[in-house]
Amino acid sequence: MNSKYQDLFTSYTLPNGVELKNRIVMAPMTNYSANPDGTVSEAEVNYYVRRSNGVGMVITACTYVTPNGKGFDGEFAGDRDEMILSFKQLASAIKAEGAKAVLQIFHGGRLCPPELVPNGEIVSASDVPAEQPGAISPRALTETEIEEIIEAFGETTRRAIEAGFDGVEIHGANGYLIQQFFSPHSNRREDRFGGSLEKRMTFPLAIVDKVKSVVEKHATSPFIVGYRFSPEEPETPGITMADTLALVDALANKGLDYLHVSLSEFFSTPRRGVEDLTKTRIDYLLEKIDNRVPLIGVGSIHTAEDARKAFETGVPLIAIGRELIIDPDWVQKVAEGREDEIVTKIDKNNQEQLVVPDPLWHRILNVPGWFPIA
């Protein structure tokens, strides 16, 4: 191994005592490949196995906690106990390769396609449509329904524990329901779940509390609880960097095992809400967190040098997403001093060797600009 990359391969112990064998995490990515009944498909399991041997932790694609939270065709389900066996197959397959297995749990809110949810009824914090072509107005959830969804996040966590996962990641990013409650664009409520910045935090923090209480009750060994967030929104009104720093400050005091920022570019800078717009979002976050909770950084990390530069910012863990689809042997190549052999553009004739399920492969090849293609 090249000595300048050896720090990426040191072990890391999370706050709850779980030890990761290195600092590289497989980022959560939708793969559209579950069975029609919501169970994990064999192709999906094989896809994760192909990528689990090198990394210290795998965060799965998101799983929906209620039927009206399904956000993608081919998304696997976490809304009922019948899914525990399916979960167990996936968790066991990842762990057998030496990585910790973390299930990402979510609700799509106003971004759910109507054809995927009961009666085609889309729900959110308020009846405000997303600012995107073809968006429809969701129905505002009642307080009772909100409480039921909070409970559902807890129940899916219980299922993850019973299935043998090492943890869950609460998906509060990318414009989905948890973020919709935090955002002044999508949350126009005037009850205890909306209004001020503090009240807009009520739903995200309540989910964290519920998940942690379920872990305390049901887990018999240390169980990871992480939280993913997006730092800003382009909409006006929308989440600003200042808003997110306030949320992160609150989350950092919740006893979580990690926070995971969702970024397309690791070294991106803020749009608004802070004084210095040349300082990176990562730097602002690390400063606010002040070592209270580990931060996972992510965003367009393709080469070993990209990872080294990101790690030097002070984030203890680096997540890699699309690059692990392009080159499942990325970690092993760096570990063996073969970083010059890393592939950074996907070979469109190499689906079988890369072990990518058909639905994901179709999107890779047919969505312009989504993946660099050789």
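Start by selecting Thr30, Asn31, Tyr32, Glu44, Ala61, Cys62, Gly74, Glu75 and Phe76: together they line the second largest cavity. Bear in mind as you click around that this is a predicted model. The cavity you have just outlined holds about 40 Å³ of space. Colour its lining by class and you get four nonpolar, three polar and two charged residues.

**Stop 2: the largest cavity**

How many cavities of 30 Å³ or more does a search of the whole structure find? Two turn up. For the largest cavity, with a volume of about 60 Å³, select Gly172, Ile178, Gln179, Phe182, Tyr227, Phe229, Ser230, Ile239, Thr244 and Leu247. Now show the secondary structure. Helix H4 (177-182), strand E9 (224-229) and helix H7 (241-251) each put at least two residues into this lining. H4 gives the most, with three residues. Colouring by class here shows six nonpolar and four polar residues, with no charged ones.

**Stop 3: Tyr227 and the core**

Keep Tyr227 from the lining of the largest cavity and hide the rest. Which residues does tyrosine 227 contact, leaving aside its neighbours within four places in sequence? Select Glu169, Ile170, Gly172, Ile178, Pro204, Val208, Leu247, Leu251, Leu256, Tyr258, Leu259 and His260, and you have the set.

Tyr227 also belongs to the largest nonpolar core, which has 106 residues. Add Phe165, Phe203 and Leu259 to your selection: along with Tyr227, they touch the most other members of that core. To see where the largest share of the core comes from, select helix H3 (residues 143-163), which supplies eight residues. Another core, of 15 residues, lies apart from this one; Leu20, Ile59, Val102 and Ile296 are among its members.

**Stop 4: Ala152 on H3**

Stay on helix H3 and pick alanine 152, which sits in that helix. Is alanine 152 buried or exposed? Its relative accessible area is 10%, so alanine 152 counts as buried. Not counting residues up to four places away in sequence, alanine 152 touches Val65 and Thr66. For a distance to try in the viewer, go C-alpha to C-alpha from alanine 152 to proline 270: they are 34 Å apart in space and 118 residues apart in sequence.

**Stop 5: the largest pocket**

Next, turn on a surface and go to the largest pocket, with a volume of about 810 Å³. Its lining comes to 32 residues, and those nearest the centre are Pro28, Met29, Asn174, Arg228 and Trp370. Strand E4 (57-64), strand E12 (317-320), H10 and H13 are the elements that give two or more residues to this lining. Which of them gives the most to the lining of the largest pocket? That is H10, with three residues. By class, the lining divides into 18 nonpolar, ten polar and four charged residues.

**Stop 6: helix H13**

H13 has just come up in the pocket lining, and it deserves its own selection. Take residues 358-366 and highlight Leu360, Trp361 and Ile364, the buried residues of this helix. Look down the axis of H13: the buried residues fall within an arc of 100°, so they line one face of the helix. What covers them? Select helix H1 (42-52), helix H10 (322-326) and helix H12 (351-354), which are included in the cover over the buried residues of H13.

**Stop 7: the second largest pocket**

Select Asn174, Gly175, Gln179, Pro234 and Glu235 to find the second largest pocket; of its 21 lining residues, these lie nearest the centre. The volume of this pocket is about 420 Å³. Its lining divides into five nonpolar, nine polar and seven charged residues. Asn174 is also one of the residues nearest the centre of the largest pocket, and Gln179 is one of those lining the largest cavity.

**Last stop: Leu286**

Finish at helix H8 (residues 281-289), where you will find leucine 286. Leucine 286 has 21% relative accessibility, so it counts as partly exposed; the cut-off for buried is under 20%. Setting aside residues up to four places away in sequence, leucine 286 touches Leu295, Thr313, Gly314 and Val315. One more C-alpha to C-alpha distance to draw: leucine 286 and serine 33 are 35 Å apart in space, with their positions 253 residues apart in sequence.

Conventions:
Residues are numbered from 1 along each chain as its sequence is written. This is a predicted model: local features need pLDDT of at least 70, side-chain atom pairs count only at pLDDT 80 or more; totals for chains, interfaces and linings use all residues. Side-chain values use heavy atoms; hydrogens and water are left out. Buried means under 20% relative accessible area, exposed over 50%, partly exposed in between (1.4 Å probe, protein chains only). Helices (H or I, at least four residues) and strands (E, at least two) are DSSP runs, numbered from the N terminus. The arc is that of the directions from the helix axis to the C-beta atoms. Contact means heavy atoms within 4.5 Å. A nonpolar core is a set of buried Ala, Val, Leu, Ile, Met, Phe, Trp, Tyr and Cys residues joined through side-chain atoms within 4.5 Å. On a 1 Å grid over the protein atoms alone, a cavity is a set of points where a 1.4 Å probe fits but cannot get out, and a pocket is an open set with protein on both sides within 12 Å along at least five of seven lines; lining residues have an atom within 4 Å of a point. Grid points are joined across faces, edges and corners, and a volume is the space filled by probe spheres set on the points. Ala, Val, Leu, Ile, Met, Phe, Trp, Tyr, Cys and Pro count as nonpolar, Asp, Glu, Lys and Arg as charged, and the others, Gly among them, as polar.
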